Amino acid sequence: MTAPSAPGAVKVLYIDDDPGIARLVQRHLKRAGFQVRTAPDGEAGLALAREEAFDAIALDHYMPGRDGLEILPELLTLPHFAPVIFVTAAEEPRIAVAALKEGAADYVVKDVQGAFLDLLANAVRQAIAEVALRRAKDQAERELRDSRDRLERLAEQQSLLLREVNHRVANSLQLIGSLIELQARRVRDPEARGVLRRAVERVEAVSLVHRRLYTSADVEQVRMDQYLDGLIQELRSAVAAEEAGPTIRLRADPVDIKTDRAVAIGLVVNELVTNALKYAYPNGQPGDIRVDVSRTEQAGFALVVEDDGVGYPDADAAPQGSGLGNVIVAAMAKNVSGTLALDRSHKGTRFVLTLAG
């Protein structure tokens, strides 16, 4: 349905069996700026309303044949909806009430002096304005619902796409790790085999993030306690394969961080813990390697990897072992805009990675 025409082109249908009053109403409403058609009874009014679209209809109650209350429901169900102003006599207020209950927009009481003419013109204007407002509101709500539905569909599609991408990435990482592990088994040189297996561990550290992503409702953030628990479990499995060795312990607050930062922090933990497993407790000595993640007062968090082992022989804060491990730890700390420090006051080795929120 289109909105009512602007004043000057607004069409009004007046239905009344009194030709004198009908002409009076027609002249008055024309002076008020309306285009007016008249009908002598309800049936004729219905016929006109079916043929033409009117912006408002004024309907008298007492007419030959069917009265106004009988005609009103049919007027309100026509394809070209128009608000109906019911016109009744002063001695019949119950009829006006009945008309309002049936759906009339307003009512006007006729009087012999003609004062109702201005009231009728005002009632027509108000009814048309209310219909226009209601139509505008309905249209706005429809557009809002359509926009919300489109956004929900788009969000759902994006979520499915992200999950599919993460699933494929995780599968690809798993394949890469398996291929490297297969190559490591065929290499006879122990040092080269160790390098390849360290590469597998690094791939697994990244793969864990992606497994968390495509099994989680939130693909933008990773819960660090859950992620590190999975990573530590993998490292524990490697230790369990040996007869003796350190125990890895994790204590982590439920900190949520962005996915890219989780990958970097996972690699830092992997390098530092693996380094401690190799060098902190020589000759298979027992001991603890502790990983701790806690919130800080600055709305960030601190990652601590520590042991009570032999410590560092010099002031170099970089982890021992291959140069690649040193490069990875430094690069990942820089990648997350974190500060990595070696706590020399600790008995063994204590690295602290501090990140802002």
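**Exercise 1. Work out how much of the chain's contact network links residues far along the sequence.**

Start with the contacts whose partners have a separation of 6 or more. Now pick out the pairs that sit 24 or more positions apart: they account for 66% of those contacts. Keep in mind that we're working with a predicted model here.

**Exercise 2. Take stock of the fold and its surface.**

First, the secondary structure: the chain has nine helices and twelve strands. Next, burial: of the 357 residues, 41% are buried. Last, the outside: the accessible surface is about 19400 Å², and carbon and sulfur atoms hold 53% of that area.

**Exercise 3. Find the patch of negative charge and check that Asp-146 qualifies for it.**

Step one, list the members: Glu-143, Asp-146, Asp-149, Glu-152 and Glu-156 come together on the surface. Step two, place Asp-146: it belongs to helix α5, which covers residues 116-186. Step three, check exposure. A patch residue needs over 30% relative accessible area. Asp-146 has 40%, so it counts as partly exposed and clears that bar.

**Exercise 4. Do the same for the nonpolar patch, using Tyr-107.**

The members are Leu-100, Tyr-107 and Val-109, and their patch spans about 230 Å². Tyr-107 lies in strand β5, residues 106-110. Is Tyr-107 buried or partly exposed? With a relative accessible area of 38%, Tyr-107 is partly exposed, so it too gets past the 30% cut-off for a patch.

Technical notes: Residues numbered from 1 in each chain as written. Predicted model: local features only at pLDDT ≥ 70, side-chain atom pairs only at ≥ 80, totals over all residues. Heavy atoms only, no water. Patch = residues over 30% accessible without salt bridge, like charges linked within 9 Å, V, L, I, M, F, W, Y side chains within 5 Å. Areas by Shrake-Rupley, 256 points an atom, 1.4 Å probe, with all protein chains shown as cover. Salt bridge = Lys/Arg side-chain N within 4 Å of Asp/Glu carboxyl O. Lys, Arg positive; Asp, Glu negative; His and termini not counted. Charge placed at Lys NZ, Arg CZ, Asp CG, Glu CD. Helix = DSSP H or I, 4+ residues; strand = E, 2+ residues; numbered from the N terminus. Buried < 20%, exposed > 50% of the residue type's maximum accessible area, 1.4 Å probe, protein only. Contact = heavy atoms within 4.5 Å.
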